[in-house]
Amino acid sequence: MDDAWLAQLYAQYGYLVHRRCKQLLRRPEDAEDAFQETFLRVKRYGAPREGGATLTWLYTIAQRCCFDVMERGGREPPAEESQLAALEQRGEGSPEDADRRAMLGLALRQLDGKTRTIGVLHFLDGYTQEEVAAQTGYSRRTIGKKLQQFEHRIRQLWQSRASLEETR
């Protein structure tokens, strides 16, 4: 691995990768850990496959690093004042949005790696099932099944939450 190539990659895509880590983890210190781990893995494993999209490749590595941080931490990252203010400015700071993000984070920690990756690409990034299949190399049928598992887990979490609120 050429250090100049790594420095160029960091300069060109570092901001986007860091933003992706913050989007998934929400805690700045966890996002920073995952961001740094992403580029350590890039240095260790080398360049993407021939003809592969570099940013997609970096996002895949970053997602895996973020999931590793989530699994190690085993906690729901708390929203901080600055993050809440930024969300409110973008119109995303409603209590319903906070609940959705919390459920998404909880579901991500409870699902296997393949399902998490597919769920993030589809629900967070807005890719169609065909685009997710093209990016991951999984069949369209596998994508559909994994998205059903993801949605099922979210529904279970919402039902559990509703049951808890009813008992209060």
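Helices α1 and α3 are oblique to each other in this predicted model. The angle between them is about 45°, and an angle counts as oblique when it is neither under 35 degrees, nor over 145, nor within the 65 to 115 range that is called roughly perpendicular. To find the pair in the structure, look for α1 at residues 3-25 and α3 at residues 54-73. Their axes lie 9 Å apart, and α1 passes α3 in a right-handed crossing.

Which residues in α1 meet α3? On the α1 side you will find Trp 5, Leu 9, Tyr 13, Leu 16, Val 17, Arg 19, Arg 20, Cys 21, Leu 24 and Leu 25. Facing them from α3 are Thr 54, Leu 55, Trp 57, Leu 58, Tyr 59, Ala 62, Gln 63, Cys 66, Val 69 and Met 70. Sorted by character, the residues of this contact comprise 16 nonpolar, two polar and two charged.

Let us turn now to the charged side chains. Side chains of opposite charge can pair when their charged atoms come close. How many salt bridges does the structure hold? There are seven, and three of them make a good tour.

Start with Asp 3 and Lys 43, whose side chains meet in a salt bridge at 2.7 Å, N to O. Asp 3 belongs to helix α1 and Lys 43 to helix α2 (residues 28-45), so this pair ties together parts that are 40 residues apart in sequence. Lys 43 is partly exposed, its relative accessible area being 37%.

A second bridge stays within helix α2, where Glu 37 and Arg 41 both lie. The two are four residues apart, about one turn of the helix, and their side chains meet at 3.0 Å, N to O. Is Arg 41 buried or exposed? With a relative accessibility of 18%, Arg 41 counts as buried, because the cut-off for buried is under 20%. Glu 37, at 25%, counts as partly exposed.

Salt bridges with shared partners also join Arg 27, Glu 29 and Asp 30 into one network. Within this network, Glu 29 pairs with Arg 27, and their closest N and O atoms are 2.3 Å apart. Here again a buried arginine meets a partly exposed glutamate: Arg 27 counts as buried at 18% relative accessibility, while Glu 29 is partly exposed at 36%.

Key. Residues numbered from 1 in each chain as written. Predicted model: local features only at pLDDT ≥ 70, side-chain atom pairs only at ≥ 80, totals over all residues. Heavy atoms only, no water. Axes fitted to C-alpha atoms, helices over the stretch in contact; angles between N-to-C directions. Left-handed = near helix turned anticlockwise from the far one by under 90°. Contact = heavy atoms within 4.5 Å. Nonpolar A, V, L, I, M, F, W, Y, C, P; charged D, E, K, R; others polar. Salt bridge = Lys/Arg side-chain N within 4 Å of Asp/Glu carboxyl O. Buried < 20%, exposed > 50% of the residue type's maximum accessible area, 1.4 Å probe, protein only.
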